[in-house]
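Grab a pencil and work through these short exercises with the structure open. Each one sets a task and then walks through a solution.

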Amino acid sequence: MSCCSFAKLKSSLVLLNILYMLIALILIAVPAFAYSMNYFTNYSLIGSLIGAGVFLFLFSFLGLCGALHHHQVMLFFYMVVLGLLCIVQFASSITLVAINDEQQVDILNKSWVSATNFSRVELQTHSIVADLITMLLMNTSHLKTALPLPCCAELL
């Protein structure tokens, strides 16, 4: 007798997809709540997070239906998309590990210079991002091109 029967594998796949659905709902609800409370006003960030949540929800629904009905075509596409997502995650993690501190500062400097004043004000109003900007851009002159804010007056 095998240790992993078909029923156990089916149940674990159903539970995994239910977990994916919960994560997707959180990924949809948190950006919507943050936007409603005016924490972020960047439509592209909010839209991309909600879009990722909707994609994950539909993807997990596909896997859940495939597992419950033992539908081989659904499970095949579920497996293909899951494999592609693993490849994308692996490639992005390698990229993030390969970037050193100097390259991170260079990327932030270029982003800061090309940002609009509205974007700079929005970034400076959030304390975590303001601390990051302070830490990484303290020795550059790019902070002087930002709009002066009370929270960032000591930086200028």
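**Exercise 1. Place N17 and list what it touches.**

Keep in mind that this is a predicted model.

- Step 1: N17 sits in helix 1, which covers residues 6-36.
- Step 2: check the burial. The relative accessible area of N17 is 0%, and buried means under 20%, so N17 is buried.
- Step 3: look for neighbours, leaving out residues up to four places away in sequence. N17 then touches S60, G63, L64 and Y78.

Hang on to Y78, as it comes back in Exercise 3.

**Exercise 2. Sketch the overall make-up of the protein.**

- Step 1: count the secondary structure elements. The protein has six helices and zero strands, and reading along the sequence gives α-α-α-α-α-α.
- Step 2: turn to burial. Of the 156 residues in the protein, 19% are buried.
- Step 3: look at the surface. The accessible surface comes to about 11000 Å², and carbon and sulfur atoms account for 74% of that.
- Step 4: ask how far along the chain the contacts reach. Take the contacts between residues at least 6 apart in sequence: 59% of them join residues at least 24 apart.

**Exercise 3. Trace the ring cluster that includes F59.**

- Step 1: search the whole structure for aromatic pairs, and three turn up. In one of them, the rings of F55 and F59 have centres 6.1 Å apart and planes at 10°. Planes under 30 degrees apart count as stacked, so the F55 and F59 pair is stacked.
- Step 2: see how these two are spaced. F55 and F59 are four residues apart in helix 2, which means that about one helical turn separates them.
- Step 3: compare their burial. F55 is partly exposed, because its relative accessibility is 44%, whereas F59 is buried, with a relative accessible area of 5%.
- Step 4: follow F59 to its other partner. The ring centres of F59 and Y78 are 4.8 Å apart and the planes are at 20°, so this pair is stacked too.
- Step 5: ask what the pair connects. F59 lies in helix 2 and Y78 in helix 3 (residues 72-98), so the pair ties together parts that are 19 residues apart in sequence. Both F59 and Y78 are buried.
- Step 6: put it together. Ring pairs link F55, F59 and Y78 into a cluster.

**Exercise 4. Describe the setting of V54.**

- Step 1: V54 belongs to helix 2, residues 43-69.
- Step 2: V54 has a relative accessible area of 38%, so it is partly exposed.
- Step 3: compare sequence and space. V54 and I28 are 26 residues apart in sequence, yet their C-alpha atoms are 7.0 Å apart.

**Exercise 5. Find the salt bridge and say how its two residues are placed.**

- Step 1: how many salt bridges does the structure hold? There is one.
- Step 2: name the partners. The side chains of D106 and K110 meet in a salt bridge, at 3.5 Å from N to O.
- Step 3: work out the spacing. D106 and K110 are four residues apart in helix 4 (residues 101-114), so about one helical turn separates them.
- Step 4: are the partners buried or exposed? D106 counts as partly exposed because its relative accessibility is 36%. K110 is at 56%, so K110 counts as exposed.

How values were computed
Residues numbered from 1 in each chain as written. Predicted model: local features only at pLDDT ≥ 70, side-chain atom pairs only at ≥ 80, totals over all residues. Heavy atoms only, no water. Helix = DSSP H or I, 4+ residues; strand = E, 2+ residues; numbered from the N terminus. Buried < 20%, exposed > 50% of the residue type's maximum accessible area, 1.4 Å probe, protein only. Phe/Tyr/Trp six-rings, centres within 6.5 Å; stacked < 30°, edge-to-face > 60°. Contact = heavy atoms within 4.5 Å. Areas by Shrake-Rupley, 256 points an atom, 1.4 Å probe, with all protein chains shown as cover. Salt bridge = Lys/Arg side-chain N within 4 Å of Asp/Glu carboxyl O.
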